Structures are given as C-alpha cells and as structure tokens.
Amino acid sequence: MAEEGGNTATLLAARAIYKKVEGYLYLTDKPYRIVWVHPTTGEVPVALSTNECTNLYANKSGVKPPKLKIVANDVDYNFIFAGEEPSCFVNRDAFRDQVKLLIRESMTQPSVPVTSGEATPEVSTPIAMDVETPQEPGQTPVASATPIPAIDPAKELAARTYRLKKKILMRDTELAALHNAVVINGKMSEGDFWASRQHLVEEAAAIEGQKRGKSSRLIDPKPD
C-alpha cells in the first residue's frame, strides 16, 4: 500500500471485516497507522495513528471468528479477520502483537512540550487483550480483559522481523507487488510467504547489525 505523496510502506496487510463489509486492513510504517480500505470504493473510513490508540482487545486464539478491537480517541474500532484458516488467525495475531508493541512504545515516548496555553496532563491507559467471552459479529467485545504481560525478547524480535520485512519490500518493488497479490488477497499467510525468503530477512538483519556496529543474526521465532 502506498501513501499519497510519500513512500510509506505496508508493514502488515490482511482481509478484515469492518461494519459488516469485508475490505483490506493495513498497518503502515513511518508513520505507523492502522488503515482500513473499502474494497470497491477505495474509501478510507479508518486511518488511525498508533499514537492515538490507547487500548487493544482480541478474543482468545482459536476462537472463531478472529477479532480485534482497537480503541482510539475513546472510539471502538472492531475488525473481524477474514480468509481461510489458519491464515486469518495468523494475520489477526500479527496485527495484535505489532499494534500492541507500537502502543506501548508511544506511551513510553517523552511528551512533547506544549508551546501555548496550559499544559494538559497525560493519562496513561493500560492496554488489554484476550477478551474471555466471544461476541457476535458487530457487537463490541466486553470490557473485562486480561492485562497484557510484559513484552518478552521473542516478541521484540518478532517486531523487529516485521520491520526488516517491510524494508525488504520497500527495496524490491516486484516482491512487494507479489506480496500484495497473494497476502492481501488471502491466498497465502505472511509466514508462508516469507518461509522461502528467510535468507533475505537474515541478510537485512546482518546489514542492520553492521550499521549498529555489532553482529546480528536473526531467527524468526514464529512457527511455520
């Protein structure tokens, strides 16, 4: 997905239902935004900066259908991931984990000084996920949820892997076009797409490690 007037790349993409319409859900990089696009009109009714997001909920893994609720500016945005199993669950989990990490990062960033008027105190809202009780499509998930545990190294490594893959797609337009054709259309999961291209990810990790002045060998912790 390309942004108008810029080179914003797609970090994640999946088929997802929003307000009973199946369209395309994207997570873009720099700036990090959650975007849902109508499949026929191309309209973008959802375009959220992750800095606006305060809460994240998902139903239990394996519970059908895979759902994700994102709270931004006190508004609930509910998505149901579409496509064949297990791809729809893999895609939902990828969005859940990556958006969760980005929300945490935005909450820990230093606040920007207010240049005029009175300063507004910041209120940190805890992120939650894994709603216990599955809801009917179109209904808002229940409020009770288990707080997200501390992010472990495997999660951080997975997030870094996503960003490396994004850089690869930005450099290789043909690979990016193939990714859009097979992943966005639900013909293949992210994991299957990259399974035969892991060497590209490792090469990108090595280059990144050299730039940082240290060795960096990456192994994707996600199972096949």
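Glu-22 is partly exposed in this predicted model, with a relative accessible area of 35%. Which residue does the side chain of Glu-22 meet in a salt bridge? The partner is Arg-15, and the N to O distance is 2.8 Å. Arg-15 is also partly exposed, at a relative accessible area of 22%. That value lies above the cut-off, because a residue counts as buried only under 20%.

The structure holds six salt bridges in total, and I shall present two others.

Let us turn to Lys-64 and Glu-85. Their side chains meet in a salt bridge with an N to O distance of 3.2 Å. Where in the chain do these two residues lie? Lys-64 belongs to the loop between strand E5 (53-58) and strand E6 (67-72), while Glu-85 belongs to the loop between strand E7 (75-81) and helix H1 (87-108). The pair thus links distant parts of the chain, 21 residues apart. As for accessibility, Lys-64 counts as exposed at 58%, whereas Glu-85 is partly exposed at 47%.

My last example is the pair Arg-96 and Asp-97. Here the side chains form a salt bridge at 3.0 Å, N to O. Are these residues buried or exposed? Arg-96 counts as buried, with a relative accessibility of 8%. Asp-97 is buried as well, with a relative accessible area of 17%; it is classed this way because the value is under 20%. This pair also belongs to a network: salt bridges that share partners join Arg-92, Asp-93, Arg-96 and Asp-97.

To close, I return to the pair with which I began: Arg-15 and Glu-22 are joined by a salt bridge, and Glu-22 is partly exposed.

Conventions. Residues numbered from 1 in each chain as written. Predicted model: local features only at pLDDT ≥ 70, side-chain atom pairs only at ≥ 80, totals over all residues. Heavy atoms only, no water. Salt bridge = Lys/Arg side-chain N within 4 Å of Asp/Glu carboxyl O. Buried < 20%, exposed > 50% of the residue type's maximum accessible area, 1.4 Å probe, protein only. Helix = DSSP H or I, 4+ residues; strand = E, 2+ residues; numbered from the N terminus.
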